Amino acid sequence: ICIKKGLLDRAIDEFTRLATISDNEAMAYDYLSALYGVKGEHEKAMQAGLKALEKDPGLDNARHNLAISYEKLGYLDKAMQTYEDYLLSNPGNIRVHLEVGYLYYNKGNNQKAEKHWLEALKVNKNFRPAKEALKLLAD
């Protein structure tokens, strides 16, 4: 309810409290990571994501949120590796393939960029953003 009304600080307070009393601390930290990310507090989002994965290393959503935090903070190598780890159990996520492809492209690794954009098109051959991204390699 707090999130729908845009009361991010109240939601953060509630999930912080839940993280200390809940049996599912990992999920509470995962939500905190997402909420801090929405607020633009990426350092806090990263810390919450790391805590979520410490509590539950298999929590893929936390891994995805952590990758976003790393990217926003400029830790691009960590972001790419974390996205790659996420894709091991979520190979059909075309948006993540697109994003990690751009990260590789911007680092000059066109081969890995192309691999990810083609993977996205394997899942959805009509995924226009991946088609557009591949055009960058033709230039």
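**Group meeting: salt bridges and a helix pair**

Hi everyone, let's start with Lys 135, which you'll find in helix α8, residues 128-138. Before I go on, please keep in mind that this is a predicted model.

So, is Lys 135 buried or exposed? Its relative accessible area is 47%, and because the partly exposed class runs between 20% and 50%, Lys 135 counts as partly exposed. Which residue does Lys 135 form a salt bridge with? The partner is Glu 132, and the closest N and O atoms are 3.2 Å apart. Both residues sit in helix α8, three residues apart, which is about one turn of the helix. Glu 132 is partly exposed too, at 40% relative accessibility. One more thing on Lys 135: measuring nothing but C-alpha to C-alpha, Glu 114 is 10.0 Å away in space, with the two positions 21 residues apart in sequence numbering.

Now let's widen the view. How many salt bridges are there? The count comes to six, and I'll show you a few of them.

Have a look at Lys 55 and Glu 25, whose side chains meet in a salt bridge at 3.6 Å, N to O. Lys 55 belongs to helix α3 (residues 42-55) and Glu 25 to helix α2 (residues 25-39), so this pair ties together parts that are 30 residues apart in sequence. Lys 55 is partly exposed at 41% relative accessibility, and Glu 25 is partly exposed at 27%.

Next comes Glu 41, which makes a salt bridge with Lys 39 at 3.2 Å, N to O. Glu 41 has a relative accessible area of 25% and Lys 39 one of 31%, and each is partly exposed. This pair also has company: Lys 39, Glu 41 and Lys 44 are linked in a network of salt bridges.

Last topic, two helices. How do α5 and α6 cross? The axes of α5 (residues 76-89) and α6 (residues 94-106) come within 10 Å and cross at roughly 150°. Angles over 145 degrees count as roughly antiparallel, and therefore α5 and α6 are roughly antiparallel to each other. The crossing is left-handed.

And who makes the contact? On the α5 side, the residues include Leu 76, Met 80, Tyr 83 and Leu 87; on the α6 side, Val 96, Val 100 and Leu 103 are among them. By type, the contact residues divide into 10 nonpolar, one polar and two charged. His 97 of α6 is one of the residues in this contact, as is Glu 84 of α5.

Thanks for listening!

How values were computed
Residues numbered from 1 in each chain as written. Predicted model: local features only at pLDDT ≥ 70, side-chain atom pairs only at ≥ 80, totals over all residues. Heavy atoms only, no water. Axes fitted to C-alpha atoms, helices over the stretch in contact; angles between N-to-C directions. Helix = DSSP H or I, 4+ residues; strand = E, 2+ residues; numbered from the N terminus. Parallel < 35°, antiparallel > 145°, perpendicular 65-115°, else oblique. Left-handed = near helix turned anticlockwise from the far one by under 90°. Contact = heavy atoms within 4.5 Å. Nonpolar A, V, L, I, M, F, W, Y, C, P; charged D, E, K, R; others polar. Salt bridge = Lys/Arg side-chain N within 4 Å of Asp/Glu carboxyl O. Buried < 20%, exposed > 50% of the residue type's maximum accessible area, 1.4 Å probe, protein only.
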